[in-house]
Amino acid sequence: MTHQEDELLPLSGIHHFLFCRRSWALITVEQQWDENIFTIKGHEFHKRVDDPFENQSGPSLIVSRSLPVRSFKLGLTGVCDLVEFHPSKDGVNLAGHSGLWKPIPIEYKRGLPKPDARDEVQLCAQAICLEEMLSVTVERAFLYYGKTRHRTEVSLDQQLRDLVTNSAKEMHQLYARGYTPQARYKKECKSCSLVEICLPTIQTEASDVKKYIQRFLEEDQ
Amino acid sequence: MKKLGNVLYVTIPEAFLSLEGETIIVEVEEKPKTRLPLLNLDAIVCFNWIGISPKLMGACVERKINLTFLTPYGKFLANVSGNIRGNVLLRRKQFALAESKEESLSISRNIVYAKIYNQRKVVERTIRDHSMVIDQAKLRDVSEKIKQSIQSAKDAKDTEELIAIEGYVAKQYFSCFNEMILQQKDEFAMNGRNRRLPLDRMNALLSFLYVLLANETRSALESIGLDPYVGFMHKDRPGRPSLALDIMEEFRPILCDRLALTLVNRRQISPSGFLIKESEAVLMDDETRKQVLTAWQERKKQEIIHPYLKEKIPYGLLPHVQSLLLSRHIRGDLPEYPPFFME
């Protein structure tokens, strides 16, 4: 299934989506956003990477920063922090450059590698966008972590690609329904910038609203 | 919970505000008077005529600092807002619930429960704290009548009936308001509740506090993404923030009435701070308004445990918290709207 231009969702959302479907829905469906110390540090960190006009190119390397991408197959659109183009026989022509080039996306993250696959999924989604836009296969992709100051290569295997495709599909399903999943409190909630909008802890008491009201009304009767 | 920021009240009619870097400059007659940082500001409430620079307006919109213009007498003029915030789907659900008689009744009923309960609490507190100096019989009688009205509110079949009950309770409650005035009794005596125009000092004071509360409630609803003009109990009327008026019913007794009584009973404001016009309308002077605003700010900082969230919050966040809980109900996360009861 392919999507229309006005159906595209933010690619970076897939990162939130894997972290917490509710936080993704609060941002994307309900258009809520709150900053906290982590998100502000993130912006500051990215300021150093993101400058679409600061490109470097040489005979053996083209570096493109803040490269806008999209995929109609995934229905996602976003910006790659950095894409390197290396000369390659099975690469593609690039406007303004001679020779054949192959893209390698590199996504910058401020902190440390995450215990789950959300960074990898975001990067893989970028790779799939590049493949679709340039008609090329992307074999290599890297995550750069600010805390370790290292690039880690991510294997864009079928399992990861399936995870991207399925997540994107599910995002579109929730978005079409305008549905925000219920909250489930977990320890990561503490560091989420949306915690004060989400109020994950009140969910457990949902059925108690009646009891709560009764408690006051029957206090001294 | 979100942090309660400061509110800048500009009460000098000739003041002009502008932005320099991250600092607000307040000028009076083109001379800089005060500078203060934009950081940690929740709202700017202008009672001035001269104005504020577009650049500062822009900064306020960007940082979700609520910017409101009132006339020097406290009547609402305008509010500056940028792109409509929040979620069209949430607003659609809000409209759908407002269309449904059953749903409107359920939300309104919970609001009325809390309003009545909190009014009774104000009366009961006076009995508890000042039993020696008050007409106990009168207050106990009112308290009993309010208590019985809770049952009537339970049985109300539609919002009209509910509004009638709420009106009856308000009448009872205000009938004993004078008993709760312990100092400066003659000067601040009120003869029922009147709004346009306030015909005595207590009414002038209450009206002013209600304007402040309505403004903060409206802005809280907006920042949650709800439409403050589409209410469940108050009917739609162009230019009237019905939902804000609905929600603030719960807070009036706690935030405004009690504060008004405290200000008078502790002699923090004096009768001479009010101007009685030829039409008998009563106006507050600048100095008194400043004292009221200061007390209002102080009151907002006092902390309570929210009985539903079981979390410590300052009074000033109540409009925000209740808006949030209402949006949770509208969205379907909560089966009913949990109103605020004063413990």
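## Close-up views of a predicted two-chain model

**Figure 1. A:Glu120 sits in helix α4 (residues 118-134) of chain A.** This view, like the others, comes from a predicted model. Is A:Glu120 buried, exposed or partly exposed? With a relative accessible area of 23%, A:Glu120 is partly exposed, because the buried class ends at 20%. Setting aside neighbours within four places in sequence, A:Glu120 contacts A:Leu143, A:Val154 and A:Leu160. A:Ala141 lies 21 residues from A:Glu120 in sequence, and their C-alpha atoms are 9.2 Å apart in space.

**Figure 2. Helices α4(A) and α5(A) cross at roughly 85°, their axes coming within 9 Å.** The two helices are therefore roughly perpendicular to each other. Here A:Glu120 appears again, joined on the α4(A) side by A:Val121, A:Cys124, A:Ala125, A:Ile128 and A:Glu131. Facing them from α5(A) are A:Leu160, A:Arg161, A:Leu163 and A:Val164. By residue class, this contact of α4(A) with α5(A) holds seven nonpolar and three charged residues, with no polar ones.

**Figure 3. Helix α2 (residues 21-28) of chain A is largely enclosed by the rest of the structure.** Why is that description apt? Six of the eight residues of this helix are buried, so the surroundings largely enclose it. Those buried residues of α2(A) are A:Arg22, A:Ser23, A:Trp24, A:Ala25, A:Leu26 and A:Thr28. Their cover includes β1 (9-10), α1 (13-19), α5 (158-177) and α6 (195-198) of chain A, and α12 of chain B is also part of it.

**Figure 4. Helix α2 (residues 88-99) of chain B packs against helix α12 (residues 318-331) of chain B at an angle of about 80°.** The axes of this pair are 9 Å apart, and α2(B) and α12(B) are therefore roughly perpendicular. From α2(B), the residues in contact are B:Leu90, B:Lys93, B:Gln94 and B:Leu97; from α12(B), they are B:Ser327, B:His329, B:Ile330 and B:Arg331. The contact of α2(B) with α12(B) divides into three nonpolar, three polar and two charged residues.

**Figure 5. Helix α3 (residues 101-129) of chain B and helix α5 (residues 159-175) of chain B cross at roughly 10°.** Their axes come within 10 Å. That angle makes α3(B) roughly parallel to α5(B), because angles under 35 degrees count as such. Residues of α3(B) in this contact include B:Ser104, B:Leu105, B:Arg109, B:Val112, B:Ile116 and B:Val123. Among their counterparts in α5(B) are B:Leu162, B:Ile165, B:Glu166, B:Val169 and B:Tyr173. The residues of the contact of α3(B) with α5(B) comprise 10 nonpolar, four polar and three charged.

**Figure 6. The largest nonpolar core has 98 residues.** Which residues have the most contacts inside this core? They are B:Met202 and B:Leu205. Helix α8 (residues 201-224) of chain B gives the most to the core, with 12 residues. Not counting residues up to four places away in sequence, B:Met202 touches B:Phe177, B:Ile181, B:Phe188, B:Met190, B:Ala260, B:Leu261 and B:Val264. Apart from this core lies another, of 37 residues, among them A:Ala25, A:Leu74, A:Cys124 and A:Leu174.

**Figure 7. Four strands of chain B form an open sheet in the order β1-β5-β7-β8.** The pairing in this sheet is mixed. β1 (6-10) and β8 (76-80) of chain B stand at the edges with a single partner strand each, so one side of each has no neighbour in the sheet. On average, and with direction ignored, neighbouring strands of the sheet are turned by 15° against each other. Inside the sheet, strand β5 (residues 41-46) of chain B runs parallel to strand β7 (residues 66-70) of chain B, with four bridges joining them. One of the bridged pairs is B:Ala43 with B:Asn66 of β7(B). Helix α8(B) lies across β1, β5, β7 and β8 of chain B, and runs at about 145° to β7(B).

**Figure 8. Strands β2 (residues 15-20) and β3 (residues 23-28) of chain B run antiparallel, joined by six bridges.** Within this pairing, B:Leu17 has B:Val26 in β3(B) as its bridge partner. β2(B) and β3(B) form a hairpin with two residues between them, and B:Gly21 in the turn has a positive phi of about 65°. β2(B) also pairs in the parallel sense with strand β6 (residues 51-52) of chain B, over two bridges. There, B:Phe16 is bridged to B:Gly51 of β6(B).

Conventions. Residues numbered from 1 in each chain as written. Chains lettered and ligands numbered in written order. Predicted model: local features only at pLDDT ≥ 70, side-chain atom pairs only at ≥ 80, totals over all residues. Heavy atoms only, no water. Axes fitted to C-alpha atoms, helices over the stretch in contact; angles between N-to-C directions. Parallel < 35°, antiparallel > 145°, perpendicular 65-115°, else oblique. Contact = heavy atoms within 4.5 Å. Nonpolar A, V, L, I, M, F, W, Y, C, P; charged D, E, K, R; others polar. Buried < 20%, exposed > 50% of the residue type's maximum accessible area, 1.4 Å probe, protein only. Core = buried A, V, L, I, M, F, W, Y, C linked by side-chain atoms within 4.5 Å. Pairing = 2+ DSSP bridges.
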